[in-house]
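The following exchange is meant for a reader meeting this structure for the first time. Each answer sets a value beside the criterion it depends on.

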Amino acid sequence: MAHLTERRVVITGLGVVAPNGIGKEAFWYATSRGISGIKSLQRFSASALPIQVGGEVSNFVVHDYIERKLVNRTDRMTHFAFVAVQEALRNANIVLEQENPQRVGAVIANTMGGVEYLTEQSRSLYVRGPRYMSVYTAIAWLQVANVGQISIRHGIQGYCKTPVNDTVSGLDALGMAYRAIRRGAADVIITGGCEALLHPFVLLLLAHGDQCVSGNDPQAYRPFDRRAAGLLVAEGAGICILEDYEHAKQRGATIYGEIVGSGQTNDAHGLVAPSASGAQYARAIQLAMQAGNVRPEDIAYFSLDGRAQATSDQGEAEALHMVFGSDLERLPVSVPRTMLGHSYAAAGTLDAITALLALQNGLIPPTINCEELDPRYGLNLVQREARPLSGSVVLLGGRAMGGANLALALQKMKE
């Protein structure tokens, strides 16, 4: 087993279920062109709800991917995870049956749980009686159901975790999997996040806070804009196959990029929303850069959290100024999830997949809807359309309720 500092962690497979595309090719086509997947909600009537638009995966036909029996035993969040994992494994060209199952792991984040499954089964209990509630209700709605079902389906016997960390759960999953491979706990880890939160119950809860913008405007998610009033939410899944570099090289895998650093801190503040102070977020960014020996001139762009709230946006901008100083003038930043909505546990991994495809294709995907950029933030925001990319590293940032700050550094592969 290699020494800790000698193990490199690379990404060899990508799987996407997103509002603007299922599969990495469709996703990148839309994302690189600024095509939004945010629209009026169609799966249920939202006319009486405060939030009426979101990033819905409206063309998802679950029976095209999964057998009926398994569909009936699992929630929509798990359906997304199944499909994204299938694509990621196929994309990585890895045959898990040929791997040591004890050296293969799964770290799949989820925040909201299986709300749809739970509410449907609760309705059956109270309307039709106890005999009509599925026995699978005991597990299908739990956040851990996703990693459990994936492990069963693919015979995984190694390192398995379920991060639950508000809106940064997906970045947390990538960081946990990265560190596990670095220290030798696994050779291959299926990692990412899934979320199916577009449900009347969740939307009503979110509307009671001030994190989400209400109404029916699909262009209302405007981070760092003068009109910013909150984010719009989304559903979906993003999955990456992480491998020890030597393992990937030995089997001749195609490598999208390398995770070279991660950083995590906490504000000890911000139970309801991310802190207006950027100090601890700045420290998380610095930790990720230091771990990967990343210089400002190496960075192709910074993928921002972009909460579209004055205090949160100010805190994020402050952190960037603290880390980069005058270099921030030339550093491109973007919030590609303005095309998707914020998918909570899926968001960080979808950002990572976007970054890897950006490095591969030489384009920085745009931030849409921000025609009135607030000059107070002093950001070089990529707006409206993609911009040519130079540099070999993308930094990903995320902030959450409870004060969590995360940063991850992805690098174009170097031999």
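**Charge, fold and one residue**

The protein carries 36 positive and 38 negative side chains, and the centres of these two sets lie 4 Å apart. The model is a predicted one.

Q: What makes up the secondary structure of the protein?
A: The protein contains 12 helices and 16 strands.

Q: Why is the protein called as compact as a globular protein of its length?
A: Its radius of gyration is 20 Å, and the globule rule gives 22 Å for 415 residues; the two values are close, so the protein is as compact as a globular protein of that length. Along the principal axes, the C-alpha trace spans about 65 × 55 × 40 Å.

Q: What share of the 415 residues counts as buried?
A: Buried requires under 20% relative accessible area, and 61% of the 415 residues count as such. The protein exposes about 16000 Å², of which carbon and sulfur atoms supply 50%.

Q: Why is Glu371 called partly exposed?
A: Glu371 has a relative accessible area of 46%. Partly exposed lies between the buried limit of under 20% and the exposed limit of over 50%, so Glu371, at 46%, is partly exposed.

Q: Where is Glu371 found, and with which residues is Glu371 in contact beyond its neighbours within four places in sequence?
A: Glu371 is in the loop between strand 12 (363-364) and strand 13 (380-381). Leaving aside those neighbours, Glu371 is in contact with Asp225, Arg227, Gln383 and Arg384. From Tyr159, Glu371 is 212 residues away in sequence and 45 Å away in space, C-alpha to C-alpha.

Methods: Residues are numbered from 1 along each chain as its sequence is written. This is a predicted model: local features need pLDDT of at least 70, side-chain atom pairs count only at pLDDT 80 or more; totals for chains, interfaces and linings use all residues. Side-chain values use heavy atoms; hydrogens and water are left out. Helices (H or I, at least four residues) and strands (E, at least two) are DSSP runs, numbered from the N terminus. The radius of gyration is taken over C-alpha atoms; the globule rule is 2.2 Å times the number of residues to the power 0.38. Buried means under 20% relative accessible area, exposed over 50%, partly exposed in between (1.4 Å probe, protein chains only). Accessible areas come from the Shrake-Rupley method with a 1.4 Å probe; for residues, only the protein chains shown count as cover. Lys and Arg count as positive and Asp and Glu as negative; His and the chain ends are not counted. The place of a charge is taken as NZ of Lys, CZ of Arg, CG of Asp or CD of Glu. Contact means heavy atoms within 4.5 Å.
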